[in-house]
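Thank you all for making time this morning. I would like to walk you through one model, beginning with a pocket and then turning to charged pairs.

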Amino acid sequence: MAENFNTVSGGQGPGGLDRALGNLVAIRQALASPDPQVRIEALKEALHHGEEGAQLLIKALHEDKDWEVKFVAWETLLNSGDPWLVQVAKAYQIPLRQVGDIRAKYGASERDFRWANLRGADLSRANLSGADLRGANLSKANLSRAKLTWANLSGANLSEADLRGANLRWAKLRGSVISETTQLDPKWRLVWEIVNGQANLKNLSGADLSKADLSGADLTKANLSEANLSRADLSEANLSEANLSRADLSEANLSGTYLWGANLRGAKLSGANLSGANLREADLDRAGLRRSVVSETTQLDPKWRLVWEIVNSQAGLKNLSGADLSGANLSGSNLSRASLGEANLYGTDLRDANLIGADLSRADLRDADLRGAHLQEANLAGADLRGANLRGANLTGANLSRAQLIGADLDEANLSQANLSGADLSWAKLLGTQLREANLAGARLNLGWGWFKDLTGTILPDGTRHP
């Protein structure tokens, strides 16, 4: 055991004696008190007094009659940082304690049931939400349909227990013991396997892990594609290189989570807490970031931080020229009059986005999803819209001169008064497209005029005006 401990001087110790006058005397006096709380406070001071103080802790651990006092002595030794004292604590078996009628005590606002002996207890339908059951013996207990939300079951013995229908949302299960005969709903058995390192991480695709406490879990390279992780606690978990494509992470706690290189394509992250998370080199194509929380400590590649700023209305919209927003989910975003000239919007989700009056000249919008987008008076001159989906989009008065619209879907789109001069509309879908008073001079098309909804006053490719 280490011979030297940090000595705290000055102030008042147990019994009101000045530490400078010799606190050990006061500590010994306090340890003789019939009041357990006085003895507990004394033990908290003991390690400030070297080996003699440590011996007082060890003596209390073995001889004190009160469980709470024993526990404080044990916990103080365990957290001392001294290898020998830590070993003493680990070698000591904390005794289970009798807690009596746990339902009545819970009803009286008691929540501390650590190391309780509840073997075989009938706790069916009991409300134990938020209860501290660390180290408790719940073997053969009936916990069917019990409410255990936020309960701490770390290290608890659940062998042969009946937990069918129990509500274990956000319950801590790390270190708990279950047996083959423990009756546990499949969802919570899977959660238990994950947090205790016994799950097959390659077979978690589509799993329902909503509202599960997976904090600190090692899910490196796990396949969680299309899994339901909504409102799950994944704080401090390791999800590096995990496949989370199309997973539902809405309102999940991802604070401090390691997501380096993770595949988050199409994942739902709305309302998720990403403060302090590491998302370096993560693939966030089409991921929904609206209402998610990002802090200064969130490690996010510049592209995705910009996407987050846009969808959460924190971006400077006049400074987006040439920006790389390819594959981003910007659906429903307000980009009215934004400066996006020459921006890379390849494959970007812009459904129902407000792009009224936006500058998209020479932007790359190949395969972009612009269904229902508002593009009135937008400048799309020279933009590349090959294969883009503009079905039902409003392009009234938009400038599409020299735009590439080969194979674009413009069914039911409104192009009234739009400038399409010199545009290439080869193989574009134009069923029910509104072209009233549009300018198609020099445009390339291969469909007959009968496909269009209204051509009144339209300037045709040959320069003539339709009646």
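The lining of the largest pocket, in what I should say at once is a predicted model, divides into four nonpolar residues, no polar ones and four charged ones. The residues that line this pocket are Arg28, Leu31, Ala32, Leu56, Lys59, Ala60, Glu63 and Asp64, and the elements that each give two or more residues to the lining are helix H1, residues 23-31, and helix H3, residues 50-63. H3 gives the most, with four residues, and the volume of the pocket comes to about 170 Å³.

Let me move on to the salt bridges, of which the count comes to 27. One of them joins the side chains of Glu41 and Lys44, at 3.6 Å from N to O, and because these two are three residues apart in helix H2, they are separated by about one helical turn. Glu41 is partly exposed, with a relative accessible area of 38%, and Lys44 also counts as partly exposed, at 47%.

Another salt bridge is formed by Asp324 with Lys303, their closest N and O atoms being 3.8 Å apart; this pair links distant parts of the chain, with Lys303 in helix H8 and Asp324 in the segment after H8, 21 residues apart.

How exposed or buried are the partners in the pair of Arg436 and Asp454? Their side chains meet in a salt bridge at 2.8 Å, N to O; Arg436 is partly exposed at 36% relative accessibility, whereas Asp454 is buried at 18%. Finally, salt bridges that share partners join Arg286, Asp349, Arg351, Asp369 and Arg371 into one network.

Definitions and conventions:
Residues numbered from 1 in each chain as written. Predicted model: local features only at pLDDT ≥ 70, side-chain atom pairs only at ≥ 80, totals over all residues. Heavy atoms only, no water. 1 Å grid on protein atoms, 1.4 Å probe; cavity = no way out; pocket = protein on both sides within 12 Å on 5 of 7 lines; lining within 4 Å. Points joined across faces, edges and corners; volume = space filled by probe spheres on them. Nonpolar A, V, L, I, M, F, W, Y, C, P; charged D, E, K, R; others polar. Salt bridge = Lys/Arg side-chain N within 4 Å of Asp/Glu carboxyl O. Buried < 20%, exposed > 50% of the residue type's maximum accessible area, 1.4 Å probe, protein only.
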